[in-house]
Amino acid sequence: LSVAHQRWGKEHTEESGLGFAPGNGQELVQWARSHGENLTLMLEAGLIGRNENTGQLYDFYRDRLMIPIREGLGQHVVGFTARDLTGESKAKYVNSKESDAYHKSQIVFGVDVGRFEARRTGVWYCVEGAADAMKLHSVGILNCCATLGGNWTKQQLLLLKSIANGVCFINDADPPSRGERFGAGIGYVIRAGRLAMECGLTVSVRELSLGEGGVKQDPGSYFTDAHMMGTLEELEYVTWYARKVWDKNANIN
């Protein structure tokens, strides 16, 4: 877990219940059998898989840092987002598959951590990924949350609204692709902000710029302490969006 300790600190890593999935592919299967666990349910939840040719069961997650996904009150783990530690997988992060317990379009990562602070302050800070949300949590910005792959959905935003009326999006700063005016992170915030307004939320943006030399930067690398939030100007979404669309001279990243 040294990777997790370096990124989020040992204390926060332990508080969050992070774990490690070994690479041999049989650790969880053997544990489940020895403890009489229901292998059929584990198959349905995507924790284990079955080889189509041999019928052998195997651990679905291998050589990955396991980040638990909890429902809103934090009492139950409903899935995992798992980070590759080998550097060889095409999928850096793999999330749990849809199940009776886990619905990606309805779950928001970090609600269990941030609901009290969000209610107190009246705002959620919304980032793209669980790793970024955890970094903000680790430096003391608890009212931060994230989707688990894909765009924000109406169900997710209404969940946030049930706790606080305001959302503030913080983008990933990445160079635009050839022929594009904005990087993908800006486009992500544009779509999310529109939907959040349709849901009746008060919406603002704190835009993160590209790193030195024009390299990609995300909230997880930018926020080294809670005071960094004050370095990003907060703009009401409509004002921010208007500048993006109509000001041809604006710094679009």
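1. Helix H6 gives the most to the lining of the largest pocket, with three residues. The model is a predicted one, and the points below deal with its two largest pockets, taken in turn.

2. H6 covers residues 130-138, and strand E6 covers 93-95; each of these two elements supplies at least two residues of the lining of the largest pocket.

3. Which residues lie nearest the centre of the largest pocket? They are Tyr93, Glu128, Gly129, Ala130 and Ala131, out of a lining of 18 residues. The volume of this pocket is about 390 Å³.

4. How is the lining of the largest pocket divided by class? Seven residues are charged, six are polar and five are nonpolar.

5. The second largest pocket has a volume of about 290 Å³. Its lining is made up of 14 residues, and those nearest the centre are Leu41, Ala45, Val78, Ser99 and Ala101.

6. Two elements each supply at least two residues of the lining of the second largest pocket: helix H4, residues 39-44, and strand E5, residues 77-84. Strand E5 gives the most to this lining, with four residues.

7. By class, the second largest pocket is lined by eight nonpolar residues, three polar residues and three charged residues. For the largest pocket, the counts are five nonpolar, six polar and seven charged. A student can check both sets of counts on the structure above.

Definitions and conventions:
Residues are numbered from 1 along each chain as its sequence is written. This is a predicted model: local features need pLDDT of at least 70, side-chain atom pairs count only at pLDDT 80 or more; totals for chains, interfaces and linings use all residues. Side-chain values use heavy atoms; hydrogens and water are left out. On a 1 Å grid over the protein atoms alone, a cavity is a set of points where a 1.4 Å probe fits but cannot get out, and a pocket is an open set with protein on both sides within 12 Å along at least five of seven lines; lining residues have an atom within 4 Å of a point. Grid points are joined across faces, edges and corners, and a volume is the space filled by probe spheres set on the points. Ala, Val, Leu, Ile, Met, Phe, Trp, Tyr, Cys and Pro count as nonpolar, Asp, Glu, Lys and Arg as charged, and the others, Gly among them, as polar.
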